[in-house]
Amino acid sequence: MRVSRLFLSTLKEAPAEAELVSHRLMLRAGLIRRLASGLYTWLPLGLRVVRKVEAVVRREMNATGAVEVLMPAIQPAELWQESGRWDHYGPDLLRVKDRHDRDFCVGPTHEEVIGDLVRREVKSYRQLPVTLYQIQTKFRDEIRPRFGVMRAREFLMKDAYSFHADKAGLDVTYQAMYEAYSRIFASLGLRFRAVAADTGAIGGTGSHEFHVLADSGEDAIAYCPQSAFAANVELAEALAPSGRRPDASETMRKVETPGKKTCEAVCEQLGCDIRKSIKAVMVHASGKLHMLLLRGDHSLNEIKAAKLPGMERLRLASAEEIKEATGCAPGFIGPVGLSSAVSIIADRSAAALADFVCGANEADYHLAGVNFGRDLPEPAIVADIRNVVSGDPSPDGAGTLELCRGIEVGHIFQLRKKYSDAMNIAFLDEGGKLQTVEMGCYGIGVTRIVAAAIEQNHDARGIIFPAALAPFQVAIVPIGANKSDEVRSVAEQLYQDLNDAGVEVLLDDRDERPGVMFADMDLIGIPYRIVVGERGLKNGELEFKQRREEKAANVRLEQIVEHVCSRLQAEA
RNA sequence: CGGGGCGUAGCGCAGCCUGGUAGCGCGCGUGCCUUGGGCGCACGAGGUCGCGAGUUCGAAUCUCGCCGCCCCGACCA
């Protein structure tokens, strides 16, 4: 490809809307352009990168025995009503009506459609197991699209669905997918981690997420360097502190703490360890208020709390609700002397405290030396409702946890029979008995991977594409082509030779100054650059430089094609 | 939806407080010059100042409403 025909459009300055490095670079390098909130056009250069991701995904999916299909992006409402998700999916589901006033949606995922297909086609256990996948445009009407294609509303996703006669069959494919995903992200040159995950809206039981590690990631991951344990913080279990609770040694006393609304501030004033304070979080669930108790240095994990009986759809209580229940404003509330209308749920770590500090349910006052069983009843419910922190013991009993951040690029689920029961996806087993299928689903955010890869691979000059993702493998930059016939003809010949050798090569044939060409080729992240200039040609040499390196190497003109090919092969 | 901020040339911004002529840098066009890291000089094109009302002799500037976008919280590939 010649730059003059590529429709390449780079920017010196990034549009103000872009916050994240990858977003800025994708705009500056001319990979994408924004059409509307959460909607992006892929320019030719960017589309080539997307195709690279797709190619790796297809190769590995096919290798597992999965077969590709393509389902409609628009789906009839009836299927979603049948699965129950028409009412439960919420506003992320973009609903549309056709000219006959019939309801449809723009697919955010395809369990219903694939389920409908399979129940029509699969009649016998002899047809199982089967795994179908597609690479399709999805639409989720995100509350807040952001970070360019990282969290877009419309995006490209590889989604696969497997169907099995029994759980053992599902386990086999789930494991195969886990391994295929690991190969995909490794092939793409990404530093990633597979973690145990919450199943969210898709539903089901077993689940793993694949995260590209990046400080800008939206997810927090807990992992144990001493073992294989890794889980999304949403899910990672905080173990109960070991040993039994110490005996009470202090008497409860009321202390004045004017304006101290946080555990940090209160403990600082009292000179006490924040790990001996209790923070009370008031939430509303199932029509009543609940006070959640956490150790002062811990934070509430709403997902864990919402899994407790009667706590579904919990939300933080409003200031008015808190005032009504405790007679005091947020910042000074606590579990002592609380109305019995409010149930108390204590985190394991909070429940293990003795002689602790907590709010007095009176503005500008806290209580110190408080003890369960003496100053207030033992908490009715003790559960794991906090986020793990660095240094917590690993749930698998080996070592301690560390935290890092990740970008979720893949997610695999064991759906079991959630959809097959709802939609009656059934087959006849060996005994002629009708059974519903076991089902798994497996997603990869194709377009998100492009952003994640850039997030992980860039420098001050721009993108540094991993080999497998690069839109071109080599860029040829001729210097002074307009005044040197030799430079021009050597560059053209090299362009042709590399193309003939099967190398994806980009020739910068623009009549630009060297600095412009260098800057653009660096910005768009082509892994290798060959400079053709009179300076080198005098000695029969060309310059060959890797994007990550500062220095270029001189290579004999007659050896350059072979040199390039061997370097590319060494990487593959 | 709640909280914060922004909308002025393709991009990045100034002007707005204290109403009166719309400006800078980059990019774009033409010419000259230059040619190994976003070169220099000259000339030039390009703007319903987000939209709609209102106040005023006069509104980019003040007021109100609407729209769009960005950032922080609940969603997720």
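**Notes on the predicted model of chain A**

1. Let's start with one side chain: that of R556 reaches the backbone oxygen of N539 at a distance of 2.6 Å. Please keep in mind while reading that this is a predicted model. R556 sits in strand β31, which covers residues 553-556. Is R556 buried, partly exposed or exposed? Its relative accessible area is 34%, so R556 counts as partly exposed, since that class lies between the 20% limit for buried and the 50% limit for exposed.

2. Staying with R556, its contacts beyond the neighbours within four places in sequence are N539, G540 and E541. L542 belongs in this picture too: R556 and L542 are 14 residues apart in sequence, yet their C-alpha atoms are 6.3 Å apart in space.

3. Now for the overall view. Chain A has 572 residues, of which 50% count as buried. Its secondary structure comes to 16 helices and 31 strands, and the C-alpha trace spans about 95 × 70 × 50 Å along its principal axes. Of the contacts with a separation of 6 or more, 68% are between residues 24 or more positions apart.

4. On domains, the assignment for chain A gives three entries: domain 1 is written in two pieces, 50-213 + 406-454, domain 2 runs over 253-383, and domain 3 over 472-571. How many Å separate the centres of domain 2 and domain 3? Taken over C-alpha atoms, the separation is 66 Å.

5. Helix α1 (residues 21-28) deserves a look of its own. Its buried residues are S22, H23, L25, M26 and L27. What do they pack against? The list includes two helices, α12 (446-456) and α14 (514-523), along with the strands β1 (32-36), β2 (39-42), β25 (458-459) and β26 (462-463). Just after α1 comes G30, with a positive phi of about 75 degrees.

6. The pairing of α1 with α12 can be described in more detail. The two helices pack at about 105 degrees, and their axes are 8 Å apart. That angle falls within the 65 to 115 degree range, so α1 and α12 are roughly perpendicular to each other. On the α1 side the contact is made by V21, S22, L25 and M26; α12 contributes V450, A451, I454 and E455.

7. Moving along from α12, the loop between α12 and β25 holds N457. Is N457 buried or exposed? With 4% relative accessibility, N457 counts as buried, because the limit is 20%. The N457 side chain has two partners to check on screen: the backbone oxygen of A453, reached at 2.9 Å, and the side chain of R548, with which it makes a polar contact at 3.0 Å.

8. Leaving out residues up to four places away in sequence, N457 touches G189, L190, R191, I463, I464, P466 and R548. R548 thus appears both in this list and as the side-chain polar partner of N457.

9. A last helix pair: α13 (residues 485-500) and α16 (residues 560-571) pack with their axes 10 Å apart and an angle of about 40 degrees. These two helices are therefore oblique to each other. Residues L494, D497 and L498 of α13 meet I560, V561 and V564 of α16. The crossing of α13 past α16 is right-handed.

Note on methods: Residues numbered from 1 in each chain as written. Chains lettered and ligands numbered in written order. Predicted model: local features only at pLDDT ≥ 70, side-chain atom pairs only at ≥ 80, totals over all residues. Heavy atoms only, no water. Domains from an automatic or database assignment. Buried < 20%, exposed > 50% of the residue type's maximum accessible area, 1.4 Å probe, protein only. Helix = DSSP H or I, 4+ residues; strand = E, 2+ residues; numbered from the N terminus. Contact = heavy atoms within 4.5 Å. Polar contact = N/O pair within 3.5 Å; in protein donor to acceptor, adjacent residues only side chain to side chain. Axes fitted to C-alpha atoms, helices over the stretch in contact; angles between N-to-C directions. Parallel < 35°, antiparallel > 145°, perpendicular 65-115°, else oblique. Left-handed = near helix turned anticlockwise from the far one by under 90°.
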